[in-house]
Amino acid sequence: MRYARLLVFVLVVLVIMAIPLALVLARSYFLSPTAQPVKAQPIQFPHQVHVQAIGLDCTYCHRNATTSAQATLPPIELCMQCHKIIPAQGRPELEKLVSAFEQNQPILWNKVHQLPDHSHFVHSVHLSFGFQCSTCHGNVGAMGKPGVQQVRDLRMGDCITCHQQNGARVDCSVCHY
């Protein structure tokens, strides 16, 4: 009986100490970018068709990737250069694109690849050092339905590991400015 109180006290302390650890582990697992479901998009864009069947390079549509921090999404006008001669009738996703173009409405895509808010990633720098888009984004050209998903963690540990493996700077000011 004398040790029962001590044992209960030790168990309570261990449980209290384990709660923050459990919360951190749960946060890492459940909030991991790669654990998130694929985000629904206003148009189911078929990367497979554009990359594998037609042979377009990522930078054909994401034109700013080689020259600026943001890869950017193409304007509808770029899509319509080809799609104005491809019949949209009977193709619901293509009809959405044509409708947006005709109504001069932007397509409000949902961002797929998440980086921490306080970090900066410059696409052009990474591409100029010879990295392929697939290094960070995975093989997007092979991603079919339900759509593009984030395949790498893209959090600080992932970035630092890659920088270390490739001899890049790892000081804070590289990504946090």
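Okay, one definition before anything else: I say a charge sits over a ring if NZ of Lys or CZ of Arg is within 6 Å of the ring centre and within 35 degrees of the ring normal. With that in hand, look at Arg 63: its charged end sits over the ring of Tyr 60, 4.7 Å from the centre. And please keep in mind throughout that this is a predicted model. While we're on rings, how many aromatic pairs does the count come to? By the rule used here, 0.

Right, on to the core. The largest nonpolar core has 9 residues in all: Ile 43, Ile 76, Met 80, Ala 88, Leu 94, Leu 97, Val 98, Ala 100 and Ile 107. Two elements, H4 and H5, give two or more residues to this core. Which of them brings the largest share? That's H5, with 4 residues. As general background, nonpolar side chains tend to be buried together in soluble globular proteins.

So let's zoom in on H5, which runs over residues 92–102 and has Leu 94, Leu 97, Val 98 and Ala 100 as its buried residues. Why do I say they line one face of the helix? Because, looking down the axis of H5, those buried residues fall within an arc of 160 degrees. Over on the other side of H5 you find Pro 92 and Glu 102, both exposed. The buried residues of H5 pack against helix H4, residues 76–83.

Now flip to H4. Its buried residues are Ile 76, Leu 78, Met 80 and His 83. Those pack against H5, but also against helix H2, at 47–53, and helix H3, at 58–61. One more core member to click on is Ile 107: leaving out residues up to four places away in sequence, Ile 107 touches Pro 42, Ile 43, Ile 76, Leu 97 and Ala 100.

Next, some backbone oddities. Asn 104 comes after H5, in the loop between H5 and helix H6, which covers 123–128. Its phi is positive, about 55 degrees, although Asn 104 is not a glycine. Buried or exposed? Exposed, because the relative accessible area of Asn 104 is 62% and the cut-off for exposed is over 50%.

Compare Leu 154, in the loop between H7 and H8. Leu 154 also has a positive phi, near 55 degrees, and is a residue other than glycine. But Leu 154 has a relative accessible area of 8%, so it counts as buried, which means under 20%. The loop between H7, residues 133–137, and H8 holds Pro 146 too. Check the peptide bond there: Lys 145 and Pro 146 are joined in cis, with omega about 15 degrees.

Let me also show you Gln 36, in the loop between helix H1, residues 2–30, and H2. Gln 36 is partly exposed, at 37% relative accessible area. Its C-alpha atom is separated by 12 Å from that of Val 148, and the two residues are 112 apart along the chain.

Last stop, His 163, found in helix H8, residues 156–165. His 163 has a relative accessible area of 15%, under the 20% limit, so we call it buried. What does its side chain meet? A polar atom of the His 163 side chain lies 2.6 Å from the backbone oxygen of Arg 169. Not counting residues up to four places away in sequence, His 163 touches His 126, Ala 168, Arg 169, Val 170 and Val 174.

That's my tour, thanks.

Notes. Residues are numbered from 1 along each chain as its sequence is written. This is a predicted model: local features need pLDDT of at least 70, side-chain atom pairs count only at pLDDT 80 or more; totals for chains, interfaces and linings use all residues. Side-chain values use heavy atoms; hydrogens and water are left out. Buried means under 20% relative accessible area, exposed over 50%, partly exposed in between (1.4 Å probe, protein chains only). A polar contact is a pair of N or O atoms within 3.5 Å; within protein, one must be able to donate a hydrogen and the other to accept it, and residues adjacent in sequence count only if both atoms are side-chain atoms. Contact means heavy atoms within 4.5 Å. Rings of Phe, Tyr and Trp (its six-membered ring) pair if their centres lie within 6.5 Å; planes under 30 degrees apart count as stacked, over 60 as edge-to-face and the rest as tilted. The arc is that of the directions from the helix axis to the C-beta atoms. A nonpolar core is a set of buried Ala, Val, Leu, Ile, Met, Phe, Trp, Tyr and Cys residues joined through side-chain atoms within 4.5 Å.
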